[in-house]
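Me: I would like to learn how to read a structure like this one, feature by feature. Can we start with the place where the chains meet?

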Amino acid sequence: MNTLTEKTVLDFVYAEARMLDEQRFDDWLQLFTDDGYYWMPLTHNQPDPRLHTSLLYEDKLLLQVRIERLHGKRTFSQQPHSRSHHLLQLPTVESMDAAKGEAVVRTAFHYVETRVDEQQLYAGWVTHTLVMQDGVLKIKLKKVELVNCDAAFGNIQLFM
Amino acid sequence: MSKYRNNPAAVRALVRETEVHKDAYIDQEVFDLEMEQVFTNSWVYVGHASQIPNKGDYYTTTVGDQPVVMVRHSDDSIKVLHNRCPHKGVKVAGEGCGNTGKFFRCPYHAWTFKTDGSLLSIPLKNGYTDTGFESCEASHGMAAVKNVQVYRDFVFCRLANEGISFEEFFGDSLTTIDNMVDRSPVGKLEVAGGVLRYINNCNWKMLVDNQTDTCHPMVAHESSAGTAVDVWKRAPEGTPKPMAVELFAPFASPYEFFEKMGIRVWPNGHGHTGVSDSIHADYSAIPDYWEAMVANYGEDRAKQILGECRHNTVYFPNMTMKGPIQAMRVFKPLGPGKTLVESWTFRLVGAPDILLERTLMYTRLINAPTSVVAHDDTEMYERAQEVLHSRGRDWVNLQRLYDGSEQPDVSTVTNGTNEWQMRNQMRAWVKFMGPAAKAE
Ligand code: FES
Ligand SMILES: [Fe+2]
């Protein structure tokens, strides 16, 4: 049973990044609420994921497809697999309501994705909207804002 | 000694009836000739009128390797100018779009140009009196592209001063643009939702080729579309089918589906998949949309418009359109092995917002740098680009369903897995190479 404190929130953010770098994707998906979303806007201060397109805006079902695909025998773009590395700055709690079990936390990051000889560096800020559900902290929204969100990119295959 | 420049026979020999030589995809000199000829002699897509609704609005882009700016002139016409200052060569209009007012002002020495490119003013102008300035090209200002055509708000240009007319170049292929525009209850489109930009390390022609490659989805996209269908099958009974699954699932259709849907080819390298059926044919009805269409067109005409379900239309050389989902892609060549893919999306003016939402979801799921469908396509193009120089084989094969009686530049409908449209594109490529490939 977790209580919502600054420490639990920060530990959560670090643990989540580590899960991704260790490629424990099935566990990672369980961190999301059933109505959770992962969002990477395409423009700065983009208010709306619905009538403006995004680099990524996916619910749990689509994230599930993504994760299952990564392991597929015929997933050619993952033969060989990509790897990732997160470097996080100390997160800041933007708001917290312990009684309601809600917190918003913002973290600056550098993210590296590699595949064979290629290494790409991305930088940005991730904002987690977290909620306490039955004593467990979950992600309602993970919003990843790249500093160069409107640049032309090659393949981005894993999760930031 | 160059291999292809000033050697039209060698350029011509790159394209056989059913095969294309690897140098067409990897050779720098061939690429340079494409930029000078194919992208100059053809009508190339520039932009959409809705991007520059007001006088002085501009949008910068490229036509082949040529930097241009599309601008709304003071008489409301649309001009396309070479975006290069005649003074010392600085790019005049900055990146992207904006409003320049009545004139462009170069940021280096403040020469100004009317929005038709003509020179308006130079600071300390008397420094040019008696210098013979009038006979210099600089006195004519920014070079304007002479041949610009706006078709139902889609702006095209032909950089070459002389050449094939717009009508002859596109012919019946314009029916795809018509159908996309007609899908708006008021017959109007607006660029909307932002543009996805994706770098592919491959030749631009591979992307165009892929648009009518109907034998790859069930193979290359098994991992994405197949997985989406599997995940959906496990959803609890009674769960409504999500829009995303509806968009993904048709990619997993069997060969027979693609064979039956048909391919149509037109002269000058244009063509489309999805004649009688397509991956876009089975989307759910959108509440209120049908009613709005009937109110404007009447039931018969509305049925006819929405019954047309073309999949990918290729507008030679480098633009492709999906009418039923209101999406367009432009393949901008950056080098023999590098292409910028832009995915543009449109709002059907007068239609419910959910249509735009579906359009955006489609391009995000299928064409974004994060798209699991695009990942496998790009993997294929990049693997090809990586090894095409192999001396083990020299040719790319486009032979499927070829029969010896196939004529160039015809309009016809054929089996949906025929590689005719790919051959059609390459025949047009030779044709629009012009003098660089002309028989003596
Ligand atoms: S370079 Fe443009 S004014 Fe001098
Ligand atoms: Fe594909």
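Me: Which residue does the side chain of B:Glu379 meet in a salt bridge?

Reply: Bear in mind that this is a predicted model. The partner of B:Glu379 is A:Arg115, with 2.8 Å from N to O. Between chain B and chain A the count is 5 salt bridges. The rule also finds 20 residue pairs in polar contact across this interface.

Me: Which elements of chain B give two or more residues to the side that touches chain A?

Reply: They are strand 13 (196-200), helix 7, helix 8, helix 9 (243-248), helix 13 (353-367) and helix 14 of chain B.

Me: How many residues are in contact, and what is the buried area between chain B and chain A?

Reply: On the chain B side 39 residues are in contact with 32 residues of chain A. The area buried between the two chains is about 3,000 Å², and carbon and sulfur atoms give 58% of it. B:Arg364, B:Thr370 and B:His375 supply 19% of the area that chain B buries against chain A, more than any other three residues.

Me: Now the metal. Which protein atoms are donors of the iron ion (ligand 2)?

Reply: B:His216 and B:His221 each donate through NE2, and B:Asp377 is listed twice through OD, with the donors 2.1 to 2.4 Å from the iron ion. Along the chain their spacing is H-x4-H-x155-D. The pair B:His221 and B:Asp377 links distant parts of the chain, 156 residues apart: B:His221 is in the loop between helix 7 (217-220) and helix 8 (222-233) of chain B, and B:Asp377 is in helix 14 (residues 372-387) of chain B. Both B:His221 and B:Asp377 are buried.

Me: Why is the arrangement around the iron ion (ligand 2) irregular?

Reply: Start from the ideal: four tetrahedral donors have angles of 109.5 degrees. Here the 4 donor atoms subtend angles of 57 to 147°, so the arrangement is irregular. A tetrahedral label would need all angles between 85 and 135 degrees.

Me: On to the backbone. Where is the cis peptide bond with omega of about 5°?

Reply: That bond joins B:Phe316 and B:Pro317, and B:Pro317 is in the loop between strand 16 (313-315) and strand 17 (319-322) of chain B. In chain A, the peptide bond from A:Gln79 to A:Pro80 is cis, with omega near 0°.

Me: What is phi of A:Asn45, and is A:Asn45 buried or exposed?

Reply: Its phi is near 55°, a positive value in a residue other than glycine. A:Asn45 counts as exposed because its relative accessibility is 68%. B:Arg152 also has a positive phi, about 50°, and is partly exposed at 32% relative accessible area.

Methods
Residues numbered from 1 in each chain as written. Chains lettered and ligands numbered in written order. Predicted model: local features only at pLDDT ≥ 70, side-chain atom pairs only at ≥ 80, totals over all residues. Heavy atoms only, no water. Donors = N, O, S within 2.8 Å, 3.2 Å for Na, K, Ca; no water. Tetrahedral: all angles 85-135°; square planar, octahedral: opposite > 155°, others 65-115°. Helix = DSSP H or I, 4+ residues; strand = E, 2+ residues; numbered from the N terminus. Buried < 20%, exposed > 50% of the residue type's maximum accessible area, 1.4 Å probe, protein only. Contact = heavy atoms within 4.5 Å. Buried area = accessible area lost by both parts, 1.4 Å probe. Salt bridge = Lys/Arg side-chain N within 4 Å of Asp/Glu carboxyl O. Polar contact = N/O pair within 3.5 Å; in protein donor to acceptor, adjacent residues only side chain to side chain.
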